[in-house]
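Got your viewer ready? Here is a short walk through the inside of this one, stop by stop.

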Amino acid sequence: MKTEVGIIGAGPAGLALAHLLQRDGIGCVVLEAQARQHIEERVRAGVLEQGTVDLLNELGLGERMMKQGLMHYGVELRFLGRGHRIDFADLTGGKGVMIYAQHEVIKDLVAARLKTGGEIIFEAKDVAVSGLDSEIPTIRFSQNGIGEELQCDFIAGCDGFHGICRDSIPAGVLKPYERVYPFGWLGILAQAPPASHELIYANHERGFALMSMRSPKISRLYLQCKPEEDLNEWADERIWDELDQRFAMRDGFSLMRGAVLQKGVTGMRSFVVEPMQFGRMFLAGDSAHIVPPTGAKGLNLAVADVRVLAAGFKEFYASRKRDLLGRYSEICLRRVWKVQRFSWWMTSLLHKFESDGEFDRRRQMAELDYVTSSRAGMTTLAENYVGLPME
Ligand code: APR
Ligand code: PHB
């Protein structure tokens with residue numbers, strides 16, 4: 001088998017890239033290790049930057065999102081028992097974010113690709129890459145027990161943090177940069193109307209909490225926990241009680257409770273490899289970088305990478321020039337590091353760090369006070385949250 005671009009991974013990065021290439025008339029094949037149902041049901045984050053929303057609409061993929069998604073033009077920061085709204089629309093010239101689950105985006109991208117005859121090979125096993133610095137990089141995999149070989153002009157490594165692409169690059173080429181946080185998030189999806197129509201990020205003495213949502217009837221809630229928290233110790237009642245304490249307001253507040261539909265713990269880390277390329281393989285999305293979820297940036301950063309990559313392939317197939325492809329890593333990393341900075345900053349602003357003393361606690365409260373009372377402070381949060389402009 002032969003194709004122009006072999007895409008490994010059908011997450012937001014791989015699928016968005018496939019659609020961008022399809023628009024530009026460039027051939028590609030997507031290989032995914034999991035079954036279609038698995039990737040369409042995996043619960044992940046759910047905030048789309050304005051630029052991500054605009055791109056999905058431009059590609060004709062936004063119909064369901066525009067109907068079912070919830071456009072938000074602000075968030076609340078809650079601390080010391082009081083709430084403070086950050087008004088995105090006012091601070092960014094009308095921009096906002098779309099609340100729409102990542103797995104719904106995946107469903108839309110998969111359905112649109114299959115409908116237009118684009119290929120996605122699900123349940124591709126033993127995926128391996130070779131000849132990355134040759135003219136014909138090759139992907140080997142097996143499907144239904146039969147070994148296959150896909151020869152490509154280029155490979156896009158969109159296989160997430162635990163994929164094989166990053167590790168296939170010879171030792172010594174990539175430099176990793178990493179920070180692991182001493183806490184995780186315990187997340188639940190609940191059959192309960194959200195208690196507020198916008199997201200609430202709470203900094204509380206007992207730890208961080210976040211109230212998000214998936215629809216007017218379904219809440220998505222998180223609380224800061226130990227990185228290896230044992231879910232068996234968290235009966236539903238205990239989760240609700242803890243959330244209530246962390247969201248408490250001076251003038252009263254309570255969450256609506258309901259059946260817990262899903263429960264999980266995620267670790268928190270910041271991670272980047274440089275460069276995001278080796279020979280004819282380009283890394284995009286979580287395979288090249290991870291952000292802690294506090295800024296809601298993972299999916300958006302993956303989409304931003306593949307916009308740059310698609311522009312590079314377009315230039316190559318139009319003119320055989322590799323100017324943009326040659327600068328892929330440099331262009332992406334400028335944004336990646338700004339988004340890393342923002343995600344780290346939101347994380348440090350809102351979480352309880354056990355190692356902090358009284359000084360750090362007071363400094364953190366002063367920073368929250370500043371960010372919610374100065375227009376400059378609010379703007380820095382707002383413009384990053386709705387998404388920095390694409391270069
Ligand atoms: N072969 C083929 N596919 C693979 C392999 C492999 N060896 N390893 C992993 N995959 C698939 C995964 O099953 C997954 O569907 O690659 C896909 C990677 O998708 P994501 O992990 O969603 O990564 P990405 O597309 O970069 O999107 C980043 O997704 O990780 C979340 O919340 C994170 O929002 C962020 C976004
Ligand atoms: C979510 O809705 O899952 C969500 C929202 C905001 C975040 C992280 C996750 O910062």
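## Stop one: the largest cavity

Keep in mind as you click around that this is a predicted model. Start with the lining of the largest cavity, whose residues split into four nonpolar, three polar and two charged. To see them, select Ala10, Gly11, Pro12, Ile39, Arg42, Arg44, Gln102, His103 and Ile106. Now colour helix H6, residues 102-115: with three residues, H6 gives the largest share of this lining. The space enclosed here is about 50 Å³. There are three cavities of 30 Å³ or more in the structure, and the next stop is another of them.

## Stop two: the second largest cavity

Keep Pro12 selected and add Ala16, Leu48, Thr52, Leu56, Val105, Leu109, Leu299 and Val303; together they line the second largest cavity. Which elements give two or more residues to this lining? Show helix H1 (12-23), helix H3 (50-58), H6 and helix H8 (298-319), and you have them. Colour the lining by class and you get eight nonpolar residues, one polar and no charged ones. The volume is about 40 Å³.

## Stop three: ligand 1

Centre the view on ligand 1 and bring up the shell of 25 residues around it. Glu32, Arg42, Arg44, Asp286 and Leu299 are the ones that come nearest. Some of these names are familiar: Arg42 and Arg44 were in the lining of the largest cavity, while Leu299 was in that of the second largest.

Next, turn on distances and check three oxygen contacts of the ligand:

- Asp286: an N or O atom of its side chain sits 2.5 Å from a ligand oxygen.
- Arg42: here too a side-chain N or O atom is involved, at 2.9 Å from an oxygen of ligand 1.
- Pro12: this time look at the backbone, where an N or O atom lies 3.2 Å from a ligand oxygen.

How much of ligand 1 does the protein bury? On its own the ligand exposes 700 Å², and 88% of that is buried by the protein.

To finish, step back to the whole shell. Its residues come out as 12 nonpolar, eight polar and five charged. Highlight H1 and H8, each of which supplies at least two shell residues. H8 has the largest share, with three. Leave both helices coloured and return to the second largest cavity: H1 and H8 are also among the elements giving two or more residues to its lining.

Notes: Residues numbered from 1 in each chain as written. Chains lettered and ligands numbered in written order. Predicted model: local features only at pLDDT ≥ 70, side-chain atom pairs only at ≥ 80, totals over all residues. Heavy atoms only, no water. 1 Å grid on protein atoms, 1.4 Å probe; cavity = no way out; pocket = protein on both sides within 12 Å on 5 of 7 lines; lining within 4 Å. Points joined across faces, edges and corners; volume = space filled by probe spheres on them. Helix = DSSP H or I, 4+ residues; strand = E, 2+ residues; numbered from the N terminus. Nonpolar A, V, L, I, M, F, W, Y, C, P; charged D, E, K, R; others polar. Near = heavy atom within 4 Å. Polar contact = N/O pair within 3.5 Å; in protein donor to acceptor, adjacent residues only side chain to side chain. Areas by Shrake-Rupley, 256 points an atom, 1.4 Å probe, with all protein chains shown as cover.
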